Amino acid sequence: MEKKMRFGIKSKIIIGYLIVIVCLFIAFIVLNSQISSLQKERNFIIDHDIEVHDLTNRIEKHLLDMETGQRGYIITGEASYLEPYNSAASSWEKDYNALYQLLNNNPNQQEKLEKIKGSIQDWIEAAGEPTIALKKENNTKELQQFFEKDPGRQYMDDIRSQFTSFRNVEKKSTETRATELDEKNQKIKIGLYGLLLFVTLISLAIAIVLSNSIVNTIKEVTQTIKRITASKGELKGRIKVRSNDEIKDLGIATNTLLENIEERNWLQTNIAHAVTMYQGIASVDKLAEKFLFTVSEMTGASFGAFYVREENDKGDLFVKQAAFADRKGDAGRESFLIGEGLIGQAALEKRTLVINDVPDTYQLIASGLGDVKPKSIFIVPVLFEDEVIAVIELASLHELTVLEQELISQVIETFGLTINGVIRRMEIARLLKESQAMTEELQAQSEELQTQSEELQMQSEELRMINEQLEERTKDAEEKSFELEAAKEDLEEKAHQLELNSQYKSEFLANMSHELRTPLNSILILSEMLEENAAKTLSEDEEEYARIIHSSGKDLLALINDILDLSKVESGKLDVLLAEMNMSELPDQIERNFSHVAEQKKVQLKINKAQDVPNIIHTDEKRFQQIVKNLLSNAFKFTESGSVTVSIQRVADHRLTTAMRTVDTDCWLEIAVADTGIGIPKEKHQLIFEAFQQADGATVRKYGGTGLGLSICSEFAKLLGGWISLSSEVGKGSTFTLYLPSLSNGLVDYEKVNFAYEEVAVSIEEAEPEAEITEIDHPVQPVEPSLPDDENVFQDKRVLIVDDDQRNIFALKTALAKQGMTIMTAHNGIECLEMMKNSEPFDLILMDIMMPQMDGYEAMQKIRGELKLVDLPIIALTAKAMKNDREKCLEAGASDYISKPLDLNQLFSVMRVWLVN
């Protein structure tokens with residue numbers, strides 16, 4: 001039988017579209033033919049009728065020209081009037097012939113043309129030529145007689161009447177053709193609508209045929225699927241499709257799906273049945289028999305054997321526990337070792353064996369009528385936890401299908417757990433029997449233990465009483481714990497308040513620092529200028545007054561610095577900057593800073609440095625120098641005679657304490673400052689290291705001081721990882737010893753050390769060494785600023801001072817004017833910018849930071865940004881020296897930075913550098 005030709009949905013749709021396109025193409029050809037015919041007729045009307053009317057008008061015009069020329073010549077006698085007459089006489093016949101030829105398909109009109117021609121010739125012969133001849137002969141009398149009769153007028157009237165009749169006929173003919181053209185156009189329109197309707201009907205017919213061929217087939221498939229669905233699990237029905245297209249493919253795929261589902265349902269049903277038959281079986285042999293019977297029934301197997309693994313002296317042995325359709329127990333061997341035979345090999349390789357070519361020597365399957373040779377053998381191992389615990393062999397008279405093999409494989413997947421459970425239950429039953437025997441023995445022993453139990457009960461009663469006492473104590477402990485928790489919360493609240501108070505105090509000290517330094521700046525600058533007495537207008541007493549004012553101002557500055565340092569130490573916000581320090585220079589520094597103090601006090605200064613002291617240590621040099629200078633200042637202050645001795649040595653290893661050894665350091669240094677002064681009572685040793693404390697009131701009255709120096713030194717020493725010890729005897733002197741590690745590997749982790757970088761007021765970093773000696777009674781006299789003899793770099797330099805404090809402006813303006821500089825002032829950043837825009841360029845700007853309206857930061861940014869003055873030196877001045885202020889000033893556009901109160905030497909030095917550069 002020939003294979004049915006495939007005619008798919010896509011092909012059907014394409015053929016339908018092709019038919020529609022062909023119909024449209026035929027309609028287009030017919031329509032185009034009709035339109036072409038219509039176009040030809042329209043062109044004929046346009047070309048023919050217009051040409052007829054044009055030639056008619058031209059002939060009539062020629063006749064009019066002849067009449068006009070004739071009359072003009074007769075009236076005037078000028079020959080020029082004969083030119084249009086002669087021209088028209090030679091041209092009208094040509095147009096007439098053309099018109100006559102154009103009307104060759106209309107004999108009636110040609111006949112009328114011939115009459116018109118005769119009339120024109122009659123007029124020429126009767127009126128045209130004779131009158132012209134008479135005029136040429138100058139025969140006026142005959143002319144007058146001629147025009148009295150005027151026969152030519154009658155000819156002309158006849159000709160006009162003939163032309164009018166001719167035109168009317170042509171006009172009617174044109175209207176007739178137009179009407180015929182309209183009727184034909186209407187017919188074409190009707191034909192077009194009919195053709196469109198025909199194509200539409202053809203398209204609908206094709207669409208209906210195609211849709212029915214597709215939809216009907218889909219409905220058949222859908223109905224079949226609904227019938228299968230309504231059959232409640234019955235999947236025997238199949239989809240039958242007559243068309244050879246994609247719907248048929250869908251039906252075939254659906255039938256395949258139904259077959260797969262049916263097989264899967266059969267598989268799941270049999271698996272569920274096999275699993276349920278295991279329940280309630282307590283022995284392996286019964287389980288094996290039941291399994292062989294069930295699987296044989298499902299797969300049609302005719303013969304089977306079940307082997308279970310047992311352990312003996314030879315190793316693992318698979319022993320036959322059950323058989324199906326055997327003859328008096330001769331179905332297969334009784335046991336197999338691992339790797340022995342197909343059973344042993346399947347157990348060794350843990351894989352299923354399928355043999356379809358069964359040898360003739362294989363055991364026959366017995367029936368009532370004889371023995372039959374099996375067609376297929378199926379051997380499958382049973383696994384539990386990846387170990388083979390049983391092997392099953394089945395023999396069948398037919399080859400097992402893939403579905404039957406899959407059924408056995410899936411049943412076997414969980415069967416290992418069942419076999420293991422049965423074996424475990426059998427083992428539990430055996431152990432239960434043994435335990436029953438042991439229970440009888442234990443019962444006798446329990447009677448003995450009962451007696452002991454009574455004794456233990458008495459002891460437990462005693463323990464209960466003790467436990468009650470412990471519970472009461474536990475309740476008391478819990479109540480105390482609640483009280484401690486409340487106290488802890490109270491302490492945390494107070495700690496928080498203390499932290500806020502510390503923050504408020506730091507902000508207050510920073511603001512007070514700004515308020516104190518601003519007037520102090522003016523005092524120090526003006527007193528230093530008075531002390532110099534450059535104009536020689538002050539007496540010696542007045543110079544001394546100025547020195548006292550300047551010295552008192554520096555003492556006040558030192559006090560402000562000490563208060564700020566103490567505040568930072570207490571709040572844990574003091575910066576510690578570790579770097580290398582040259583210890584070989586320390587004796588020279590001490591000698592340079594305190595030799596003049598020793599001379600004034602007439603006290604001997606001794607400095608001893610051991611050979612084993614390293615040349616370089618790692619510490620914060622500024623804090624170290626401040627500690628040493630405070631200790632030396634106190635030593636000189638409280639020593640009236642004798643000596644002050646500084647000893648610098650390395651702490652020997654045998655002297656290191658346990659706490660010192662725990663610090664990660666290269667070495668420990670010992671700096672001792674010993675004096676022969678008044679000494680300190682032993683009970684005051686701890687007191688003097690507290691803030692604002694001295695030995696007694698008499699000491700304060702006699703020697704002065706604030707009592708901050710030693711407190712600050714003690715805190716600085718802790719920050720640097722060390723401490724200060726005191727050895728003193730009243731009347732003999734004191735020895736303050738600083739123990740300090742070299743911190744090459746970073747700071748020591750003390751609880752009191754705080755590395756938080758928060759803004760607090762900082763002391764002057766650029767101050768002279770004498771300014772850091774907090775308790776010196778005789779400060780070093782200031783050095784008068786020196787300038788080069790050969791050239792004064794300040795002469796005629798234009799300097800702009802920007803500050804909101806008139807006292808600072810007056811002091812700076814006075815000091816700078818003495819150096820020959822031209823000074824301009826502004827009170828805030830806005831005035832500064834206005835002056836720079838409207839004045840001559842400045843050589844240098846001294847810019848205060850804290851100002852109203854526009855501060856120094858914004859003013860410097862606008863100078864650098866808006867005014868584009870990137871090379872103009874700007875020195876930032878501020879009294880509120882906050883942490884990171886130098887970096888903020890430099891980022892805003894400052895060239896350099898100086899904190900108030902100003903040191904004129906330092907100010908002139910910085911100005912000289914920037915003006916020279």
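Which helix holds the place of S714? In this predicted model, S714 sits in helix 15, which covers residues 709-719. Is S714 buried or exposed? Its relative accessibility is 14%, and buried means under 20%, so S714 counts as buried. Leaving aside residues up to four places away in sequence, S714 touches F689 and I724.

Now let's turn to the sheet and the helix that lies across part of it. The sheet is open, has 6 strands in the order 3-2-1-8-7-4, and pairs them in the antiparallel sense. Strand 3 and strand 4 stand at the edges with a single partner strand each, so one side of each has no neighbour in the sheet. From one strand to the next, the twist averages 20°. As general background, strands of a sheet pair through backbone hydrogen bonds.

Here are some of the strands, with their residue ranges:

| Strand | Residues |
|---|---|
| Strand 1 | 303-312 |
| Strand 2 | 315-324 |
| Strand 3 | 335-337 |
| Strand 4 | 353-355 |
| Strand 7 | 376-384 |
| Strand 8 | 387-396 |

Strands 7 and 8 are joined by 9 bridges in the antiparallel sense. For P381, the bridge partner in strand 8 is V391.

Helix 7 lies across strand 1, strand 2 and strand 8, and runs at about 55° to strand 2. Helix 7 spans residues 284-299, 16 residues in total, and reaches 22 Å from its first C-alpha to its last, close to the expected 22 Å. Its buried residues include V284, L287, F291, L292 and M298. Just after helix 7 comes G300, with a positive phi near 80°.

Notes: Residues numbered from 1 in each chain as written. Predicted model: local features only at pLDDT ≥ 70, side-chain atom pairs only at ≥ 80, totals over all residues. Heavy atoms only, no water. Helix = DSSP H or I, 4+ residues; strand = E, 2+ residues; numbered from the N terminus. Expected span 1.5 Å × (residues − 1). Buried < 20%, exposed > 50% of the residue type's maximum accessible area, 1.4 Å probe, protein only. Pairing = 2+ DSSP bridges. Axes fitted to C-alpha atoms, helices over the stretch in contact; angles between N-to-C directions. Contact = heavy atoms within 4.5 Å.
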